[in-house]
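Biologist: Could you take me through this model step by step, giving the reasoning behind each answer?

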Amino acid sequence: MTDKQSSVDVLAQLCSVLEARKQASAADSYVANLHSKGLNKILEKVGEESIEMILAARDAEVSGDNSKLIYETADLWFHSLVMLSHLGEDAQAVLTELERRFDLSGLDEKAARNTN
């Protein structure tokens, strides 16, 4: 199994768990609890984790230790996946979009967005 394949498998497995937890009791599952509180609470967590990741990146640049950055990035990705799940999407939709962009220049893609 390649590293790429195992990473895709981890994302698929996580998405499957997140989808299943949507149906769990809010008292028994952190994910179910987030879903029960609605999109605004989930977005609050995504925002919080974004800030924590940014601060960890700044600290990592100074210290040379990326461990907290990796930890906070995992939290951000996790909560982003909860958000996607809440809205009926999953990691595959994001992977498909990223794959679509491989043949696009980042500058061209950004310019196309600005003309719409």
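Biologist: How are H2 and H3 oriented to each other?

Modeller: In this predicted model, the axes of helix H2 (residues 30-37) and helix H3 (residues 39-63) come within 5 Å and cross at roughly 120°. An angle counts as roughly perpendicular from 65 to 115 degrees and as roughly antiparallel over 145. The crossing fits neither of these classes, and therefore H2 and H3 are oblique to each other.

Biologist: Which residues of H3 make the contact with H2?

Modeller: On the side of H2, the contact is made by Tyr30, Leu34, His35 and Lys37. By class, the contact of H2 with H3 has 4 nonpolar, 1 polar and 3 charged residues. The residues that H3 brings to this contact are Leu39, Lys41, Ile42 and Lys45.

Biologist: With which residue does Lys41 form a salt bridge, and how far apart are the two along H3?

Modeller: Side chains of opposite charge can pair when their charged atoms come close. For Lys41, the N to O distance in the salt bridge is 3.0 Å, which lies within the 4 Å cut-off. The two partners are 3 residues apart in helix H3, which means that about one helical turn separates Lys41 from Glu44.

Biologist: Which helices each supply at least two residues of the lining of the second largest pocket?

Modeller: This pocket has a volume of about 200 Å³, and its lining includes Trp77, Leu81, Val94 and Leu98. By class, the lining has 8 nonpolar, 1 polar and no charged residues. The helices that each supply at least two lining residues are H4 (67-86) and H5 (91-100).

Note on methods. Residues are numbered from 1 along each chain as its sequence is written. This is a predicted model: local features need pLDDT of at least 70, side-chain atom pairs count only at pLDDT 80 or more; totals for chains, interfaces and linings use all residues. Side-chain values use heavy atoms; hydrogens and water are left out. Axes are lines fitted to C-alpha atoms, for helices over the stretch in contact, and angles run from 0 to 180 degrees between N-to-C directions. Helices (H or I, at least four residues) and strands (E, at least two) are DSSP runs, numbered from the N terminus. Angles under 35 degrees count as roughly parallel, over 145 as roughly antiparallel, 65 to 115 as roughly perpendicular and the rest as oblique. Contact means heavy atoms within 4.5 Å. Ala, Val, Leu, Ile, Met, Phe, Trp, Tyr, Cys and Pro count as nonpolar, Asp, Glu, Lys and Arg as charged, and the others, Gly among them, as polar. On a 1 Å grid over the protein atoms alone, a cavity is a set of points where a 1.4 Å probe fits but cannot get out, and a pocket is an open set with protein on both sides within 12 Å along at least five of seven lines; lining residues have an atom within 4 Å of a point. Grid points are joined across faces, edges and corners, and a volume is the space filled by probe spheres set on the points. A salt bridge is a side-chain nitrogen of Lys or Arg within 4 Å of a carboxyl oxygen of Asp or Glu.
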